[in-house]
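Notebook open, coffee poured. I want to go through this model piece by piece and jot down what I find.

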Amino acid sequence: MEVGWLYLIPLLPLLGAAFNGLAGRWVPKSWVYTVALVVVLLSFLIGFAGFVQMSGEEGTQFHETVYTWFAVGSLHVDLALSLDRLSGALVLVITGVGFLIHLYSVGYIDEDPGYWRYFAYLNLFVAAMLLLVLGDNLVAMFVGWEGVGLCSYLLIGFWFDDDAKAYAGRKAFIVNRIGDFGFLIGIFILFNATGHVDFAGMRASPLPYAVAMWAAGLLFLGATGKSAQLPLYIWLPDAMAGPTPVSALIHAATMVTAGVYMIARLSFLYVQAPGILALVALIGCLTAFWGAIIGTAQNDIKKVLAYSTVSQLGYMFIGVGVGAFFAGTAHLITHAFFKACLFLGSGAVIHGLHGEQDIAKMGGLKKYMPHTAITFAIATVAITGVLPISGFFSKDEILAQALNTSAFKFLTLTPDPTGPRLGFLGPLIYVLGTVTAGITSFYMWRCYLLTFHGNYRGPEDVHPHESPAVMTLPLWVLAILSVVGVVLVLPIHDFPWSWEHFTDGLFAHARGGAPGEYLPPLVTYGIAVVVAWVGFAGAWTLYKPARNIAGDVAFERATPRLRRALVNKLYVDEIYDVVVVRTVWRGARLLWRVVDAAIIDGLLVNGSAQLVAAIGALGRRFQNGNVQRYAAVTALGVAALVYLLLVRT
Amino acid sequence: MDHPTTSSLLTWMIFAPTIGVLLILIVIGLRSLGTLSKQQADEASRIIALVASTAVLGMAAALWKAFDPSNPDVQFVQHGSWIPAYNVEYFVGADGISITLIILTALISFIATIASMPWWPGNAHLDEHHFSQRAVPGYMAMLLILQTGMTGVFCALDMFLFYVFWEVMLLPMYFLIGIWGGSRKEYAAIKFFLYTLAGSVLMLLAIIGLYYNGPTVTGVDGQIHHSFNLLRMAEWGRQGGYQSAPLVVGLSFARVAWVGLFIGFAVKIPMFPFHTWLPDAHVEAPTPISVILAGVLLKMGIYGILRVNFALLPQATRWASTAMAVFGAINIVYAAFVCLAQKDLKRMIAYSSVSHMGFCLLGMASFTQQGIDGAVLNLWTHGLISPMLFLIVGVIYDRAHHRNIEGFGGLAQQVPEYAGLLGLAFFASLGLPGLCGFISEFTVLLGALPVFLTLTVISATSVIITASYYLWAIQRMMLGKLNPAYRTLADVNWRERFTLYPLGVLIIVFGFYPAAIINLIEGSLRNLLAGLA
């Protein structure tokens, strides 16, 4: 259905960004806050009204072509938006959670002289993110995709006078560009195969197997960049250099989930490329495990949460990778609630401790900041799944789908049905994912216990204090959402609020036979609960309140090498530095110094000039103005001519 | 005579600057008579230059408004006889291939003129050694001659006229770099001159060959004449006329002529391996001259290839297309890598121009509508972005007197407005969607992919390398702790604002509304493409 107001949803935050960016410096602080908050709230309200209207009937979709952005030959790119149940839900998450984080930021950034710049970037981010999810073609999506990358760059390096923070921003952008390279080529391939860049047009054109594989694979490369998956996840932990509300909004709740969203949006493409789906699930599973084990040994509270995000994003990719697009996106939504809550909680802790981020120097904070402690605990329950609230079901659904899905049973890497089978992948992913769930429970409870329990271990002159209401209110809202978000993922068949039911018909169905069941749901729930409690028990044994940081010492003593490797993030950054960064840089210097300066300029250009000069110098010898020599040469010449012409003949 | 005169607008655009030159000559005369003081003569020449370039800009706006994009043929024609003995004509006109470049030339010349003025407050750092204070009447006269030459090249539809304008442009450029340039100005100026001249010689030989092997007409005197009329020659070429020309040392004439012309144009693009004059010329040239060099002069190479090689020798163009694409990809990736190794900011930006011009080659070599439209669009977008980049360099060089990227640090705290403008220009150049550079690169790559899959994928890696060198430069110059040497650095002044903001706004406008340009160019390019099929 064509509507005429969708453009307002991304436009309002864009206007807010323009106002704050251009005028924010000169107008009173309260104006900046008001504008920044009101535009996001208005976007939320419009989105909400639209969502209610649209979701009444299954299959309804609001569509708007704002204008034709550019058209060249057969390429026709509209700035077109569409609101369906998936993008609608994400609009609500982006503007809703986004509004809470804007509100929280008022307390967080108030004392920083760059507050106007901060809100301009934050508004711009919301606008770009809304364009990303609303965009009705790959190019519009790519604009949002790059726009959020720009805002991420600007906000990670928000305190740019610190070289490390500036570096983190740059690293994030460049690593993301590696993914964007894949995204771009993916767009080109799809356009050349289908003649369309809009989703409806592409969906209508069946693709040859190889084209689908390449396009899906290259787009997935983009997703590994934006959503911090192996091997491109390395930017996300460093991105924690940005202000903490930014980490909550961009690097937990919204931007980093863009890759998952993209795959869900392009489900019609991915089901045509089952091999790539398998790769998506496998990468997701490995990343989930990888992020979780590194998370066990981090002492920076934000780094723990960052690796946790990497790991949880991995789960989402398992979900979409096994063809259970609803499960991946459901976890996206519940994760937005509890991870935003965790990040904002960590921000409140850092704020209350005047910038301290090391959990070894925290402890006992529940006494000083009860609201933060309780909300953090609720969100931790949600992510670890020790009690069946939102995160428990959304994660378990993914793992159960991985185990029981038929997608892999008949999967072959080639279109040839007799090719090698990948049936073992599902159970493998289930086992590793379940182990990872236990590790998740361990590192999150470690983080919680070290931060809020035991004795306060920080310097005596720092007096921890609770944050103002403007910051604790969003914490409570998000904590409540983490609990009640469970209604989206309750495993009740035909439950009206169920996300699976709600998104029925939105996603394409992965190829494969009838779903088989290795394990019935009740068994997987049982395993999930046991694993979560085992993780909790491990954390409690090592880090129970009376022990303070003795747990880390014990850990270190038990496996010194492993622990040191984990503390150092498995040396991935160092390996990349040697293998990639330095090689590229040396190559660049070599090209310039040798090819450009020495061969082309030195040898060919200046060399030919010197050759001309040398010939000229030689010629000058004969033109020395000495008449006797001219006469002598002339005489010799005449003599030679005479000899040749007369004597020889 | 086909294509009769319909308008004198282009002639006015070409020669209005020449009128300015004559006026400046009068000023110089009065100065030597002692009637005018040095200061009066300087101011008078500045005003003349500004009025002339403003007038041309106004005419360009009128041209844009009156241009009919639905007509792919040449418009605004002025046509007359010039040298009847050789059937040389004065024949100017504009079509979709040239219209954007004529407008761009007017715009960039205007910006460069403003950038040459030391007028507005905040220019106390410009001492008598600054280019804007030295031999002002001569400088302004050269700038105007240059403008005549550049506009003439894009308007000329007679090949002889084209060649004359092509060479006219060379001399003022030589002097502008050689007199008002930096410390190695003589080396750079001579290098520029010889490089271009070497290319021109090959071009001239090819032109003569095309003339004698080209179409003939019977003149009023009953004698048979050859013709330099580019449109007639294009018609001849489309029908395969040059294919039947006698062999040149055993090789196809069309191919030899194609290569000769191509090398002449490739020097200007500049295409690897003929690019090494560019970094030197840019580094030594004063800021406004770099602006013109990057904004307009480089476009002539691509324009020439489209107007002459593509139109006149379509068969040879098809034969050479893969080679063009290969060189395009080399330009894109090789120059991007070289950028990564640069320490001089201006040299880095010069190499980045080499890299971005490679997209034109790749796109046009693909013979797809997207590829060729993207190539011409890229002339426009690069024509807006690269002048802004060089102006950005000029701002910091005027103040710090060096351009060593590592010699700054933390400037964003001290000069936030400058930092914002620099960020805009850098992000535009690295192809951020929403800014105009993205559209042309996207279109080129999209159009080239089905034809040159591997080369396109290789070229697309430049999105990573380009982001790397720009962001690294931003970090080293702008972020981190403020270098104490620049604690009193002044932010951009009004002269710089007058040049930077218009370009910045246009970069954003055409990022969101590129259709304004695509509409102008598409019709003529579709015809050009049809001739190649």
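My entries follow, starting with the ground rules.

**Ground rules.** This is a predicted model, so I kept in mind that local features need pLDDT of at least 70, that side-chain atom pairs count only at pLDDT 80 or more, and that totals for chains, interfaces and linings use all residues. Residues are numbered from 1 along each chain as its sequence is written, chains are lettered from A and ligands numbered from 1 in the order in which they are written, and side-chain values use heavy atoms, with hydrogens and water left out.

**Confidence.** I looked up the global scores and got ipTM 0.92 and pTM 0.93. For chain A the mean pLDDT (the predictor's confidence in each residue, from 0 to 100) is 90, with 96% of residues at 70 or more. Chain B averages 92, and 99% of its residues score at least 70. Going through the elements of chain A, I found the lowest mean pLDDT, 84, in helix 23 (residues 550-558) and the highest, 96, in helix 11 (residues 258-265).

**Chain A domains.** I noted domain 1 (1-136), domain 2 (138-564) and domain 3 (573-647); such bounds come from an automatic or database domain assignment. The centres of domains 2 and 3 of chain A, taken over C-alpha atoms, are 63 Å apart.

**Chain B overall.** I count 20 helices and 4 strands here (DSSP runs numbered from the N terminus: H or I of at least four residues for helices, E of at least two for strands). The C-alpha trace of chain B spans about 75 × 65 × 45 Å along its principal axes.

**A helix pair in chain B.** Helix 3 (residues 99-115) and helix 19 (residues 494-512) of chain B have axes that come within 8 Å and cross at roughly 155 degrees. That makes the two helices of chain B roughly antiparallel (the label for angles over 145 degrees). Helix 3 of chain B brings residues including B:Leu107 and B:Ile111 to the contact, and helix 19 of chain B brings B:Phe498 and B:Leu506, among others (contact means heavy atoms within 4.5 Å).

**Backbone oddities.** Most residues other than glycine have a negative phi, and most peptide bonds are trans. I found a cis bond from A:Leu230 to A:Pro231, omega near 0 degrees, with A:Pro231 in the loop between helices 8 (209-226) and 9 (235-238) of chain A. The bond from B:Ile269 to B:Pro270 is cis too, omega near -15 degrees. A:Lys569 is not a glycine, yet has a positive phi of about 55 degrees.

Key:
Axes fitted to C-alpha atoms, helices over the stretch in contact; angles between N-to-C directions. Parallel < 35°, antiparallel > 145°, perpendicular 65-115°, else oblique.
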